[in-house]
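User: I have a model open and want to go through some contacts and a few residues. Can you take me through it?

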Amino acid sequence: MSRKTMLRLGGALISVLTVGGVIVMLLPYFWMVSSSIKTGIEVFDLPIKWIPDEIQWVNYPNALTKGAFGVYFYNSFVVAFAVMAGNLVFCTLAGYGLAKFRFPHRELCFRLILSTLMLPLEIVLVPTFLVVRELGLVNTYGGLIAPLAVDAFGVFLMRQSIRDIPDSLIEAARMDGCSEFGIFWRIILPNCKPALGALALLAFRDNWDQFLWPFIVATTDDLKTFPLGLAQMEGIDSAAYHEIMALAVLGMIPAAFIFLFFQRAFVRGITLTGLKE
Amino acid sequence: MDREIGVGRTSPSMVRRSASLLWRWGAGGGKSSLHSHLRWAGFFFVLPALIHLVIFKFYPMLQAFRLSFFRYDLMSPPVFTGLENYKLLWENPLFHQSFWVSVKYMFGVSIPEWFFALGLALLLNRRMPGRAVIRLAYFFPIAMSQIVVAMVWKFMYHPFGLVNTILETFGIGRINWLSMEESALPALIAIGIWRGIPLFGVIYLAGLQAIPKEYHEAAVIDGAGVFQRFFYVTIPLLLPTIMFVMVLSLLSAVKVFLNPLVMTEGGPNGTTRVLPYFIYETGFAFFRMGEAAAASMVLFVFLFGLTLIQLRLLRRGGVE
Amino acid sequence: MQRFLMSHLLLGLLTLLLISPAFAQQRITWWEHSNPPHNNYSKDLVAEWNKKNPKTPVQYDFFAMTPYFQKLTAALSTRSAADMFTLIDFLLPGFTAKKVLAPIRPEWLGYKDLEDMKKAYIPGALDGYIHEGKLYAIPPIASGFSLFINRKHFKEAGLDPDKDYPRTWEDVGRIGKKLVKMRGSRMVREGFDFAMHSSTWTMWYFNTTIRQYGGEVLDASGKKCTANSEAGVKAMNVRARIAHHYKASDPTVSFGTNALPADDIPKGRVSMFITHAGSVAQFGPKMMKDLKVVPFPQVDPKNPVTPIYGFALAVNPHISEAKQKIVHSVLKHVVNDSKTWYERTSYPHPDKNFLNLPGMEEARTKRYLGVFVKDISNGRFLQRSDKILELNQAIHRAMERVVLKKEDSKKSLDTACKEIDAALAKK
Amino acid sequence: MGEVLLEDLTKDFGEVVAVKEVNLMIHDGEFVVLLGPSGCGKTTTLRMIAGLEEITSGRILLDERVLNDVHPRDRDIAMVFQNYALYPHMSVYKNMAFGLKMRKVAKDEIDRKVKSAAGILGIETLLGRYPGKLSGGQRQRVALGRAIVRDPRVFLFDEPLSNLDAKLRVQTRVELLKLHQHLAATSIYVTHDQVEAMTMGDRIVVMHEGVIQQVGPPMEVYQNPANQFVAGFIGSPSMNFLPATVRFEAGRTFLEGAGFRIPLPAERASGLQGREGGEVVFGIRPEDMRLGSEGEIEGAVEIIEPVGSDIFLDLNVGGASLTARVESSVRMSQGEHVRLHADPARVHAFDPETGETLV
């Protein structure tokens with residue numbers, strides 16, 4: 001076999017693998033969408049019919065009336081956005097402090113922060129809940145948001161990316177007469193936009209998604225988030241899967257939208273090497 | 001009268017005390033020169049996050065540590081029992097099982113992730129028609145929320161679900177994924193990988209794109225082939241990213257909880273009862289918070305050790 | 001520096017704003033697990049109450065089933081639980097041992113005392129909620145299990161659904177075998193199957209079968225596991241035989257069907273299946289035309305034992321006595337109308353006169369209410385233990401080993417008993 | 001005014017002493033170059049003047065005001081960074097305006113100053129662009145412009161030409177000098193390039209291992225280096241150093257070594273008193289020798305490097321290497337033996353231990 005045919009074969013193989021991979025990655029989505037437009041009985045029909053004979057768009061409005069989904073969506077938005085904002089502010093501040101300043105025990109500080117990554121929520125659930133109760137935050141937006149407003153991973157990400165901003169920029173600004181917070185605001189923030197984008201996306205996704213914590217903290221319907229609403233569609237031994245899938249499709253839209261929006265920043269944002277000039 | 005039960009209170013005075021402690025600590029040398037001011041500034045930037053973490057992470061963590069020496073059913077006052085909880089864990093075969101399930105899950109998910117994600121990143125870093133669309137398709141699972149993932153995959157693994165339908169069209173018999181001891185954990189692992197690849201793929205892709213083109217060009221001139229370039233240029237330059245992915249993937253894999261909760265309830269025969277699920281179940285279903293706290297301390301120490309080893313490797317890999 | 005401090009001050013203020021507590025309200029709160037028909041009716045009941053009692057309105061909320069009891073536990077432990085909440089019967093011992101339930105006062109409900117109250121209910125219906133002579137919850141539901149059979153499948157197999165339906169477990173295996181449909185080596189239709197999606201369901205069946213053989217899961221003291229007794233082994237063998245001897249079921253299927261145990265019946269993937277009265281409504285009248293409900297299978301039909309369970313309403317002990325009294329009025333309002341309760345939720349109400357209420361005749365015949373209520377009256381609640389969830393799981397694992405891995409029943413139950421004894425020994 | 005005084009300025013980074021007891025007076029309007037190899041402490045000194053580096057001990061005064069605890073922004077000092085430190089997210093105009101904006105200068109005043117500075121530097125057309133879109137030379141100008149608009153008392157330059165190509169460097173050098181004459185502000189300029197130092201500085205400060213070696217006008221430092229380090233560091237190609245022995249013969253002093261024997265005029269030999277038979281280092285710059293059949297130095301030609309105007313010869317003198325500059329008209333071939341005559345007025349000798357200049 002000549003080199004050329006080998007190359008061409010290799011290319012073809014890669015194409016096949018690529019397309020196969022795309023199908024595998026997306027199959028659950030197709031299934032989800034397909035199930036959302038079937039009747040409850042058809043969901044598990046064999047062989048699978050990707051497009052049902054009669055498309056049940058009505059599942060969508062029906063599902064939405066099964067709970068206060070408008071409220072749940074709104075709450076999820078509020079929580080996800082607030083947590084995202086908290087992460088953007090606090091993690092970036094901390095990341096800057098850790099990346100560009102020397103202060104006693106800085107490394108210890110950083111390690112302590114990182115160590116919180118090793119704690120599964122399940123175990124600190126009760127102590128955290130006690131703190132939240134002490135602060136009078138049970139069943140408030142504050143209670144949903146506050147404990148999640150800083151995430152060690154965000155601190156890490158921001159520290160890495162701010163470290164790559166040349167020191168001389170900061171020094172130049174200092175000589176230009178900028179205050180320390182001014183430097184952060186006018187120099188650091190604009191220069192770590194991609195990382196901020198990545199952090200925003202991850203924070204939004206993870207908190208749009210929160211289940212266990214809101215479940216424990218929210219005790220009234222008007223504070224429930226979307227995943228809670230989705231989970232309570234399941235009864236003791238029955239579930240309207242077609243409607244759950246319809247809600248799942250709707251629930252994906254915000255995250256998907258944010259993803260499309262930040263995708264490029266996301267890829268650029270998680271660089272762990274130098275800032276390109 | 002409300003008798004105070006539970007783990008204790010955060011009194012305002014305590015917060016004040018620790019704040020003043022931090023205050024003095026941050027002051028450093030205490031000189032009023034510009035540079036101690038800068039030191040202050042650095043500390044001030046970290047302070048909000050630190051305060052937050054002290055309140056919402058370290059304090060609960062300390063409480064968990066304290067609780068691991070108590071018998072505590074969540075409702076009666078805790079009783080100090082010393083190392084009893086650790087002894088109970090040591091004697092509990094279910095804990096041992098859970099520990100190994102977690103280890104299996106953790107490596108089962110993260111090791112394939114390292115390779116698949118790197119492969120994906122290499123693939124998506126190539127020029128090819130429709131690259132933008134393909135990228136989107138691969139990265140899309142990032143956007144799917146956990147609870148939806150759990151629900152959708154539960155149905156996909158149904159004996160009559162999508163996965164089996166596909167297997168049957170290929171002439172492979174039906175596998176009842178979630179009900180066989182042999183297949184339940186691998187089934188969950190597959191979901192973990194499916195969901196993890198895109199995120200780590202993105203991280204790798206970012207790392208790949210940050211490698212200056214010149215290195216590859218130099219290697220081409222030096223006569224390096226595709227594979228040599230990969231091993232002598234790409235891999236060494238990607239090392240920081242690789243290490244980062246390794247640490248992050250292990251840490252996130254070990255925290256899996258919602259999938260076993262929603263899909264298998266830890267079964268069959270405990271084969272998918274990962275440690276976080278064990279902890280949750282012991283604490284909230286069996287009302288043995290102390291034992292659950294002890295289990296989470298074990299998990300914490302295990303992860304901490306693992307991360308330390310990785311960080312050591314990381315440093316040896318020439319990464320600061 | 002000034003600006004630097006200012007910005008921190010602003011951040012602080014923002015945080016304060018975020019965490020300022022919601023306006024506290026003096027109202028009665030009620031939590032329930034999610035179960036759509038149930039939740040809808042509860043909402044209506046609350047609306048009705050609130051209209052009549054604007055000064056003491058009820059705030060009703062319901063939560064996803066899977067972690068509902070964990071939420072309840074966390075809330076009770078931190079004194080942030082609702083004033084009244086719905087509880088499943090078998091958690092009662094655990095909760096009463098921890099003193100987080102207020103006793104129900106029959107006199108506030110209009111009864112003379114507990115004995116007087118019992119008379120108003122189906123015999124035994126309150127037993128699951130009584131601890132040391134005190135009632136801790138009021139059940140609006142008494143639910144049990146009966147056998148659903150598919151008439152069409154019976155006729156296909158040459159059986160008469162009205163005569164040949166199984167009475168004993170051996171019948172189930174024997175008849176189930178005839179109903180199985182194979183394609184090649186694969187079972188595409190099971191003759192019969194147990195729901196195996198959760199340890200609680202497993203325990204309901206096992207606990208009942210061991211009782212049918214005259215045994216118990218725990219001894220009288222409640223401190224020792226007796227599941228590996230002869231009765232226990234026989235009970236376990238019932239399951240093993242149906243799967244392995246008669247090959248009437250493919251147990252892995254009902255495992256995978258988790259959270260959806262009753263889904264295979266309407267799909268025609270199983271010909272006989274055990275489920276509860278609520279399923280009749282879920283399947284719908286069209287589907288029910290093909291189905292028939294018969295009594296829960298027995299070892300000895302002359303000494304029937306069936307499983308029952310219920311969700312009941314409990315009162316938070318941390319609230320003032322005055323408030324508890326109001327809560328009692330709410331409880332009374334909620335459980336008052338057993339007929340509407342049944343019509344809205346499809347769950348039988350444990351009212352003694354339930355079947356004799358006007359208009360119940362049709363339900364008794366067409367919706368098999370007679371069969372269900374009869375099974376319920378033979379019913380016994382799950383073994384009382386504050387370690388019940390651990391018991392359930394140990395038995396569930398034992399059953400998984402026997403049914404899925406063909407482990408010896410005795411050996412498997414010995415392991416389970418070891419686990420159970422260890423759990424019981426813990427304080 | 002812009003008179004800078006450094007008093008016993010010291011900086012240590014833990015164990016390492018980067019700058020050691022530096023004393024220096026820089027007059028108003030003077031252009032002083034801090035010169036030395038990398039790691040000699042020149043940049044650290046500059047950064048201490050800027051206020052970017054903490055002072056371990058000693059003082060910095062600007063017009064008799066102690067700067068030690070003054071914030072960089074309040075020092076009235078501007079700095080041009082080695083990599084220019086242009087804010088990548090701001091246009092050229094905004095980059096230049098930033099320092100004024102921070103000082104709350106009125107908008108139209110900023111505008112006027114920026115435009116004027118841009119006019120001086122010829123970058124008016126670049127004002128709307130972003131740093132990422134500029135060439136190296138353009139960025140350099142913007143960095144300068146940013147300093148100029150501030151109208152500071154002191155300019156600091158941290159190797160500002162090191163990122164430019166050779167041709168641009170020469171050109172910018174000239175422009176910088178012109179600019180300095182135009183602005184007449186005190187300038188402190190750090191470089192490791194001795195050509196830059198020679199051409200630009202009113203005075204050169206040579207530093208080595210944190211210590212000032214010599215301060216003086218360029219030609220003085222060139223002709224009368226204070227020690228062997230300065231002698232070797234300044235000049236390109238650098239001074240030749242050969243081991244030699246001091247000989248007194250018939251009232252005359254000679255430096256003698258393998259392949260050479262050089263007489264010293266009596267008035268220059270005083271530094272060698274009492275060193276009869278002692279070891280010294282003989283130093284001579286390549287341009288201070290000429291070819292001649294009776295020359296005191298003998299060697300074999302190893303490499304011939306014509307650079308156009310001259311030819312550099314690399315000779316083997318008694319096993320050591322020596323570079324000499326000869327006229328471009330000279331014809332030579334490799335391996336040829338030649339004799340060189342050293343200009344006695346330009347001969348140097350150094351103490352081999354201390355490096356101190358003896359002659």
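Analyst: Here are the conventions, then two interfaces, a surface patch and two residues of chain D. This is a predicted model, in which local features need pLDDT of at least 70 and side-chain atom pairs count only at pLDDT 80 or more, while totals for chains, interfaces and linings use all residues. Residues are numbered from 1 along each chain as its sequence is written, chains are lettered from A and ligands numbered from 1 in the order in which they are written, and side-chain values use heavy atoms, with hydrogens and water left out.

User: Start with A and B. How many residues of each chain are in contact?

Analyst: Chain A puts in 91 residues and chain B 94, where contact means heavy atoms within 4.5 Å. About 8,500 Å² is buried between chain A and chain B, with 79% of that on carbon and sulfur atoms. Buried area is the accessible area (1.4 Å probe) that two parts lose on being put together, summed over both.

User: Which helix gives the largest share of the chain A side?

Analyst: Helix 1 of chain A, with 13 residues on the side that touches chain B. Helices here are DSSP runs (H or I, at least four residues), as are strands (E, at least two), numbered from the N terminus.

User: And how many salt bridges between A and B?

Analyst: The rule finds 0 salt bridges across that interface; it asks for a side-chain nitrogen of Lys or Arg within 4 Å of a carboxyl oxygen of Asp or Glu. There are 6 residue pairs in polar contact between chain A and chain B (both at pLDDT 80 or more). A polar contact is a pair of N or O atoms within 3.5 Å; within protein, one must be able to donate a hydrogen and the other to accept it, and residues adjacent in sequence count only if both atoms are side-chain atoms.

User: Now B and C. What area is buried there?

Analyst: About 3,900 Å², of which carbon and sulfur atoms give 60%. The contact takes 45 residues from chain B and 41 from chain C. Between chain B and chain C the count is 4 salt bridges. One of them joins C:Lys426 to B:Glu291, with the closest N and O atoms 3.2 Å apart.

User: Which helix of chain B gives the most to that side?

Analyst: Helix 2 of chain B, with 5 residues on the side that touches chain C.

User: Different topic: which residues make the nonpolar patch on chain A?

Analyst: A:Phe30, A:Trp50, A:Ile51, A:Ile55 and A:Trp57 make a nonpolar surface patch of about 560 Å². A:Ile55 is in the loop between helix 1 (3–36) and helix 2 (59–64) of chain A.

User: Is A:Ile55 buried, exposed or in between?

Analyst: A:Ile55 counts as partly exposed, because its relative accessibility is 36%. Buried means under 20% relative accessible area, exposed over 50%, and partly exposed in between (1.4 Å probe, protein chains only).

User: On to chain D. Where does D:Glu30 lie?

Analyst: D:Glu30 is in the loop between strand 2 (16–26) and strand 3 (31–35) of chain D. D:Glu30 counts as buried because its relative accessibility is 9%.

User: What does its side chain pair with?

Analyst: The side chains of D:Glu30 and D:Arg203 share a polar contact of 2.5 Å. A polar atom of the D:Glu30 side chain also lies 2.9 Å from the backbone nitrogen of D:His27.

User: Last one, D:Pro131: buried or exposed?

Analyst: D:Pro131 is buried, with a relative accessible area of 6%. Not counting residues up to four places away in sequence, D:Pro131 touches several residues, including D:Tyr87, D:Met90 and D:Arg139.

Terms used
Patch = residues over 30% accessible without salt bridge, like charges linked within 9 Å, V, L, I, M, F, W, Y side chains within 5 Å. Areas by Shrake-Rupley, 256 points an atom, 1.4 Å probe, with all protein chains shown as cover.
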